[in-house]
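Hello,

Here is the structure you will be taking over. Please open it beside this message and follow along as you read.

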Amino acid sequence: MTTLASTPAVRPANPNFSSGPCAKRPGWSLEALKAAPLGRSHRAKIGKTRLEQAIELTREILQVPADYRIGIVPASDTGAVEMALWSLLGERGVDMVAWESFGSGWVTDVVKQLTLTDVRIFDAAYGTLPDLSAVDFDRDVVFTWNGTTSGVRVPNGDFIPAARQGLTICDATSAAFAQRLDFAKLDVVTFSWQKVLGGEGAHGMLILSPRAVERLLSYKPAWPLPKIFRLTSGGKLIEGIFKGETINTPSMLCVEDYLDALKWAKSIGGLNALIARADANFAVLDRFTKQNGWLANLAVDPATRSNTSVCLSIVDPDVTALDADGQAAFAKAVAAALEKEGVAYDIGAYRDAPPGLRIWCGATVETSDLEALLPWLEWAFANQKSALKAAA
Ligand SMILES: Cc1ncc(COP(=O)(O)O)c(C=O)c1O
């Protein structure tokens, strides 16, 4: 028999710590969507105005330069990234930089689907960044700003030269609104609404620098482009996409929800406030991992530790002595116990990542909820460890 530790007194008010879709903003309810123009055409004035407003508020809060274009595109962040890869790549060689599952997915796209041949791959094990100084920015470069499945991010854009011949294509979906993106160094930035702002999946955001637009106008890929990826027509940019005239029908309910999130973001103080919230959330877990020897951040270099998708490994010697399956089972049991208690949902490590916990710390998560989670983490770990000892 194992003796179970008694449950902590306080529960997180909101147990949603998933890395996507992420927690809704504090105070959110379906009421917030009641003005959505449902049953109306997205091309009618009422719908078009909403879409334009979503673009302009994105520009304001994310501090996107005035000469960058912002479009709402289909298929969430994946749609936005693939639209960029299919539309822009092939003009020159490409350096693919990947250090976790999503970045590796873009490598597969480029090598196996687009079948580009002049490709250099810079990859690294979970927890580390590749050698960014080896990347050649006179080639096109594809990378993920914040690796959601390893919790490793680039600390800033300093590794990218301001003067470069190639384009930088950046999947920023779990960084946008929580980390400062250096737009001057980025030619394509993508994200989805379902991450830091706690919006819905389905639509992607595609942000293009003037240089990216120049490429679209001067280069035609050798492969066919489905309608859903097409950004040009008759050799001209389809400007409407960047003014709310979406390629196909968006969900006006999702748009309303994104607008609600943007307005909340603005009301609390915009980008600085969003970043500060994520930083404060990360600090709670960081302190906890430093105080508790059984947990360690998967990101080796502190400067690369994500303030959104915080990935933690269980490094207790009794656990690390287990084989890989045993370690994974232990971490899964901890996450499952917390889920069963209704105190933390969806905090198991990503399926392709090393075993552990992944706790979302983005701006919509309340710091007090993370603080309330800490005793529960200890509780679940202690119980699981007793079970391990009892089974030995
Ligand atoms: C870095 C990264 N890229 C791409 C995706 C896929 O995003 P979506 O499902 O919004 O297309 C995710 C989702 O978690 C992600 O974290």
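Domain bounds, as used below, come from an automatic or database domain assignment. Please also keep in mind that this is a predicted model.

The two domains

The assignment divides the chain into domain 1, residues 30-266, and domain 2, residues 270-391. Taken over C-alpha atoms, the centres of domain 1 and domain 2 are separated by 29 Å. Where the two touch, domain 1 provides 29 residues and domain 2 provides 26 residues. On the domain 1 side of this contact, the elements that give two or more residues are α1 (45-62), β6 (152-153) and α5 (252-268). By type, the residues on that side of domain 1 are 12 nonpolar, 12 polar and 5 charged.

The chain as a whole

In total the chain has 9 helices and 14 strands. Its radius of gyration is 22 Å, close to the 21 Å that the globule rule gives for 392 residues, so the chain is as compact as a globular protein of that length. Along the principal axes, the C-alpha atoms fill a box of roughly 75 × 50 × 30 Å.

The sheet of 7 strands

One open sheet is formed by 7 strands in the order β1-β9-β8-β7-β4-β2-β3, and its pairing is mixed. At its edges stand β1 (69-74) and β3 (119-123); each has a single partner strand, so one side of each is left without a neighbour in the sheet. From one strand to the next, the twist averages 15°.

To see one pairing in detail, start with β1. This strand runs antiparallel to β9 (residues 203-208), and 6 bridges join the two. Within this pairing, Arg69 stands opposite Leu208 in β9.

The sheet of 3 strands

Another open sheet has 3 strands in the order β12-β13-β14, with antiparallel pairing. Its edge strands are β12 (295-297) and β14 (357-360), each of which pairs on one side only. Here the twist averages 35° from one strand to the next. The antiparallel pairing of β13 (residues 309-314) with β14 extends over 4 bridges. If you look for Cys311, you will find that its bridge partner in β14 is Arg358.

The ligand

Which residues come nearest to the ligand? Of the 13 residues around the ligand, they are Ser76, Thr78, Phe102, Thr148 and Ser192. The shell around the ligand consists of 1 nonpolar, 10 polar and 2 charged residues. Helix α2 (residues 76-88) gives the most to this shell, with 3 residues.

Ser76 deserves a second look. This residue is found in helix α2, and its phi is near 55°, a positive value in a residue other than glycine.

One backbone detail

Where is Pro21 found in the chain? Pro21 is in the segment before α1. A cis peptide bond joins Gly20 to Pro21, with omega at about -10°.

For a first pass, I suggest this order of viewing:

- the contact between domain 1 and domain 2, with α1, β6 and α5 among the elements on the domain 1 side;
- the open sheet of 7 strands, with β1 and β3 at the edges;
- the open sheet of 3 strands, with β12 and β14 at the edges;
- the shell around the ligand, to which helix α2 gives 3 residues;
- the cis peptide bond between Gly20 and Pro21.

Regards

Conventions
Residues are numbered from 1 along each chain as its sequence is written. This is a predicted model: local features need pLDDT of at least 70, side-chain atom pairs count only at pLDDT 80 or more; totals for chains, interfaces and linings use all residues. A residue is near a molecule or strand if its C-beta atom, placed from the backbone, lies within 6 Å of it. Ala, Val, Leu, Ile, Met, Phe, Trp, Tyr, Cys and Pro count as nonpolar, Asp, Glu, Lys and Arg as charged, and the others, Gly among them, as polar. Two residues are in contact if their C-beta atoms, placed from the backbone, lie within 7 Å. Two strands pair if DSSP finds at least two bridges between them. Axes are lines fitted to C-alpha atoms, for helices over the stretch in contact, and angles run from 0 to 180 degrees between N-to-C directions. The radius of gyration is taken over C-alpha atoms; the globule rule is 2.2 Å times the number of residues to the power 0.38.
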